[in-house]
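This note is addressed to a colleague meeting the structure for the first time. It takes up the aromatic groups, one helix, one loop residue and the pockets in turn.

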Amino acid sequence: MTPAAVAAALRSSLSTISSHKPSPSTSTNNHVLLKPKLSLIHNNNHHHPVINPKLSLQFKEKILCLEIMGIDAGKALSQNPNLRTATMESIQSIISFLQSKGIHQKDLQRIFGMCPKILTSDIKKDLNPVFDFLLQDLRVPDHSFRRIVNKNPRLLTSSVMEQLKPALFYLKRLGFRDMAALSFQDSVLLVSNVERTLIPKLKYLESLGFSKDEARNMVLRCPALFTFSIENNFRPKFEYFATQMGRELKELKEFPHYFGFSLENRIKPRHMEAVKAGVNLPLSVMLKSTDEEFRELTGQNMR
């Protein structure tokens with residue numbers, strides 16, 4: 001049963017929660033009456049959430065729809081204030097549109113939970129262009145729309161002309177050619193700002209001593225580099241690599257995935273064990289090997 005259908009079935013029950021009509025000022029102050037987290041609905045018509053009786057009937061139905069889909073209504077309304085004035089019909093039209101694109105009912109909790117802004121999107125101006133972009137620019141077949149949207153719901157809240165196309169153009173210039181990989185594995189890069197996120201990461205790698213081509217090849221080999229924080233990832237890991245490990249830049253050039261490992265839980269312990277054992281392991285071998293393999297490499301199984 002769709003959220004709209006459930007809400008309609010519960011309408012008569014909801015009307016009994018309040019025996020009086022809301023005052024004219026109530027509709028403009030619904031956000032004040034809404035609790036941050038509402039009780040979850042048991043979809044059996046015997047248990048209803050405790051909803052402030054002063055809220056309008058339409059607002060109660062809206063809350064029910066969100067909660068039935070497993071969405072925290074308070075959080076969604078806080079992140080997307082436009083939801084307060086959205087009609088049930090407009091919300092249902094968004095749901096129907098997404099389902100027409102292959103999105104399943106069970107996917108909506110995660111999609112709307114992560115991006116409640118989608119619930120008040122304009123289908124013609126906002127959503128349709130994104131699906132056209134997926135089909136025409138990324139060459140994603142329509143039967144795969146569900147997979148890519150579930151992977152990255154933020155695509156649906158991104159402007160095609162201001163965000164998605166510029167990001168794709170920049171990534172192609174860098175050398176990204178595999179559209180399938182970009183779509184299904186690294187789509188977060190498409191919703192990353194070119195000027196504020198992508199370019200600064202490349203510039204930082206260059207500041208470490210890599211040439212432009214070397215930095216470019218590193219992100220092509222390990223696109224996740226674009227998602228790492230300079231202050232919380234690159235800087236402390238490179239400092240440890242250069243000062244404590246005393247290794248050369250060419251090792252990072254060959255194995256940029258180094259930045260994807262935990263400094264405290266993987267890099268430091270493995271390095272210290274290798275030093276203690278007196279063995280010099282290639283960076284990739286030291287970090288990628290399983291615990292059992294690492295113990296064998298450092299001779300711990302022979303002790």
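**Points on the predicted model**

1. Aromatic pairs. There are nine aromatic pairs in the structure. One of them joins Phe228 and Phe234: with ring centres 6.2 Å apart and planes at 70°, this pair is edge-to-face. As the cut-off for an edge-to-face pair is over 60 degrees, the assignment follows from the angle of 70°. The coordinates come from a predicted model, and the values should be read accordingly.

2. Burial of the first pair. Are Phe228 and Phe234 buried or exposed? A residue counts as buried under 20% relative accessible area. Phe228 has a relative accessible area of 15% and is therefore buried. Phe234, at 0% relative accessibility, is buried as well.

3. A second pair. Between the rings of Phe255 and Phe261 the centres are 6.1 Å apart and the planes lie at 35°, so this pair is tilted. Phe255 is buried, its relative accessible area being 8%.

4. The aromatic cluster. Which residues form one aromatic cluster? The members are Tyr204, Phe228, Phe234, Phe238, Phe241, Tyr258 and Phe259. Phe228 and Phe234, the edge-to-face pair described above, thus appear again within this cluster.

5. Helix α7. This helix spans residues 123-136. Its buried residues are Leu127, Val130, Phe131, Phe133 and Leu134. They pack against three helices, namely α5 (88-100), α8 (145-151) and α9. At the start of α7, Asp122 places a side-chain oxygen within 2.9 Å of the backbone nitrogen of Lys124.

6. Ser192. Where does Ser192 lie? Its position is in the loop between α10 (179-184) and α11 (194-207). Ser192 counts as buried because its relative accessibility is 12%, below the cut-off of 20%. The side chain of Ser192 reaches the backbone oxygen of Val188 at 2.8 Å. Once neighbours within four places in sequence are set aside, Ser192 is in contact with Gln163, Ala167, Thr197 and Leu198.

7. The largest pocket. The space in this pocket comes to about 290 Å³. Its lining has 14 residues, and those closest to the centre are Tyr170, Arg173, Leu174, Ile199 and Leu202. At least two lining residues are supplied by each of α9 (160-174), α11 and α12 (212-221). The largest share, six residues, belongs to α11. By character, the lining comprises seven nonpolar and seven charged residues, with no polar ones.

8. The second largest pocket. Here the space is about 210 Å³. Among the 13 residues of the lining, Lys117, Ser121, Asp126, Leu156 and Thr157 are the closest to the centre. Both α7 and α9 supply at least two residues each, and the largest share, three residues, comes from α7. The lining divides into four nonpolar, six polar and three charged residues.

9. Helices that recur. Helix α9 deserves attention when these points are read together: α9 is one of the helices against which the buried residues of α7 pack, and α9 also contributes to the lining of the largest pocket and of the second largest pocket. Helix α11 likewise recurs, as it follows the loop that holds Ser192 and gives six residues to the lining of the largest pocket.

Conventions. Residues are numbered from 1 along each chain as its sequence is written. This is a predicted model: local features need pLDDT of at least 70, side-chain atom pairs count only at pLDDT 80 or more; totals for chains, interfaces and linings use all residues. Side-chain values use heavy atoms; hydrogens and water are left out. Helices (H or I, at least four residues) and strands (E, at least two) are DSSP runs, numbered from the N terminus. Buried means under 20% relative accessible area, exposed over 50%, partly exposed in between (1.4 Å probe, protein chains only). A polar contact is a pair of N or O atoms within 3.5 Å; within protein, one must be able to donate a hydrogen and the other to accept it, and residues adjacent in sequence count only if both atoms are side-chain atoms. Contact means heavy atoms within 4.5 Å. On a 1 Å grid over the protein atoms alone, a cavity is a set of points where a 1.4 Å probe fits but cannot get out, and a pocket is an open set with protein on both sides within 12 Å along at least five of seven lines; lining residues have an atom within 4 Å of a point. Grid points are joined across faces, edges and corners, and a volume is the space filled by probe spheres set on the points. Ala, Val, Leu, Ile, Met, Phe, Trp, Tyr, Cys and Pro count as nonpolar, Asp, Glu, Lys and Arg as charged, and the others, Gly among them, as polar. Rings of Phe, Tyr and Trp (its six-membered ring) pair if their centres lie within 6.5 Å; planes under 30 degrees apart count as stacked, over 60 as edge-to-face and the rest as tilted.
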